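Please look through the structure below, and keep the sequence at hand while reading the paragraphs that follow it.

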Amino acid sequence: MILLFVVSIFLITVFLGIPLVWAILLTAVLPILVFDLGYPLQALYLNFIGGVEPNHFLAIPLFIVAGELMSRGGVGLRIIGFARAACGFMPGGLGMVVVGASMIFGGISGSAIADSAAIGSVMIKNMARQGYTPGFAAGLVAAAGTIGIIIPPSIPMLIYGFVGNVSVADLFLAGIVPGAMFGLAFMAVCFHVGKSSGCDPGGRTTTRAELWSSFIGTAPALLMPVLILGGIFSGWVTPTEAAALAVVYGLLVTIFIYRDFRIRDLPGLMVDAFVTSATVMVVIGATTVLGWLITLEQMPQILVSFVQDLSSSTAVFLLLVNIVLLILGLVLDPVPAILLTAPLFLPTAQSFGVDPVHLGVIMTCNVAVGLFTPPVGATLYVASRISGVGVLSIARKMGLLYLAAITTLVLVTYFPAVSMTMVHLFR
């Protein structure tokens, strides 16, 4: 009864347009008052503060600062240049450049929005001049940008790892192959569109010298994910220390190597990063309060019993996970979606024998799809703002991209080896 009440209150408040933090807090407070549960309201405040106190959450603002550093200036242009040299000559090559650049940039920033903004500001107009429809160009930028939260480093995976007490290193390893699969699926769509429409039939093959020259120019930026992931996978640094290392390295690259970022630009960057980080941390505090209530009222155990009564099949459980997260992705950003559902899904997944790392990848892929799905898709709005094309007009041009994404999501969900092979290989 309480679980149904909590779900109903949350959905009603969200759809009424109440700001997310207040919607979550109302969802936690109302059951206490309505059902007279007897919990002191002071505990809400204490849990809110306690939710943002752990030192490991320092990794979130640090990765946000590192992403901001690398998304400004000429880093994005150099990554696009390298992607163009690598695959721009093929049919649909300009679209493939968007996907390839997004995959590389995702390995640097860990942010889908920063990825879409940095790549879209350059490539949407170029694709339109090539003959692609503006709606498809914007849709591709929105979809490809979400690969940034699947390929490590990934802020949603960090959140899931901290909340579920799951190894962040294993999650990052598990995200590599699924991220590459999403990229290849989107590239296949670009190949089909470029060839069938005739707008991008392909051009001159890049010479080895040109490819090498482009790689050398991009190498300092490409070294950042190597340092971050290599340090974490080897055990030399924790995720928080890796995030701090990324900030220092990002400053050195942008100021002293590329020289396209000035010291006087740093205060503005820090303010932007602070606003983004504060938003994330406030949501974490609010969801900690709701998580406290969910735990005390044994809602995970109630959900486990409900799902097991519904079906004893692991496949059916995973289907329900996908359906719930895809629906939540329509109205929630990745961080709150994972914070709200991970405490519920983890015990249920363990009862069905699903590896917590595999579940984390499934959840991350689902919320990534939500990022480019109306009505609240964040990368969709970024692409709309850059292109000047309406959100619904863009979504209508994205049928093949949605098909590619859902197909890949099914493969990731029902073939655990897709995610777990890298984990078993390196751990």
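How much space lies in the second largest pocket? In this predicted model, the second largest pocket holds about 630 Å³ of space. It is lined by 22 residues, and those closest to its centre are Val7, Val324, Thr341, Leu344 and Phe345. Helix H1 (2-15), H13, helix H14 (299-310), helix H15 (314-329) and H16 are the elements that each give two or more residues to this lining, and H1 contributes the largest share, with 6 residues. Sorted by class, the lining of the second largest pocket consists of 21 nonpolar residues and 1 polar residue, with no charged residues.

The largest pocket can be read in the same manner. About 730 Å³ of space lies within it, and 30 residues form its lining, with Ile113, Thr276, Val280, Asp333 and Val335 lying nearest the centre. At least two residues of this lining come from each of helix H2 (20-34), helix H4 (59-71), helix H7 (112-130), helix H9 (155-164), helix H13 (266-296) and helix H16 (334-351). By class, the lining of the largest pocket has 21 nonpolar, 7 polar and 2 charged residues.

Helix H13 is named in the linings of the largest pocket and of the second largest pocket, and its length can be checked by simple reasoning. Because each residue should add 1.5 Å, the 31 residues of H13 are expected to span 45 Å, and the 44 Å between its end C-alpha atoms agrees with that expectation. After H13 comes Gln298, whose phi is positive, near 55°.

From the pockets we turn to the packing of nonpolar side chains. The largest nonpolar core has 155 residues, and those with the most contacts inside it are Ile60, Ile159, Tyr160, Phe186, Leu359 and Phe372. Helix H10 (residues 168-197) gives the most to this core, supplying 13 residues. For Ile159, once residues up to four places away in sequence are set aside, the residues touched are Phe57, Ile60, Ile284, Val335, Ile338 and Leu339. Of these partners, Ile60 is also listed among the core residues with the most contacts, while Val335 is one of the residues nearest the centre of the largest pocket.

Is Leu184, a residue of helix H10, buried or exposed? Leu184 has a relative accessible area of 56%, above the 50% cut-off, and is therefore exposed. The C-alpha atom of Leu184 is separated by 10 Å from that of Ala144, a residue 40 residues apart from Leu184 along the chain.

How values were computed
Residues are numbered from 1 along each chain as its sequence is written. This is a predicted model: local features need pLDDT of at least 70, side-chain atom pairs count only at pLDDT 80 or more; totals for chains, interfaces and linings use all residues. Side-chain values use heavy atoms; hydrogens and water are left out. A nonpolar core is a set of buried Ala, Val, Leu, Ile, Met, Phe, Trp, Tyr and Cys residues joined through side-chain atoms within 4.5 Å. Buried means under 20% relative accessible area, exposed over 50%, partly exposed in between (1.4 Å probe, protein chains only). Helices (H or I, at least four residues) and strands (E, at least two) are DSSP runs, numbered from the N terminus. Contact means heavy atoms within 4.5 Å. On a 1 Å grid over the protein atoms alone, a cavity is a set of points where a 1.4 Å probe fits but cannot get out, and a pocket is an open set with protein on both sides within 12 Å along at least five of seven lines; lining residues have an atom within 4 Å of a point. Grid points are joined across faces, edges and corners, and a volume is the space filled by probe spheres set on the points. Ala, Val, Leu, Ile, Met, Phe, Trp, Tyr, Cys and Pro count as nonpolar, Asp, Glu, Lys and Arg as charged, and the others, Gly among them, as polar. The expected span of a helix is 1.5 Å times one less than its number of residues.
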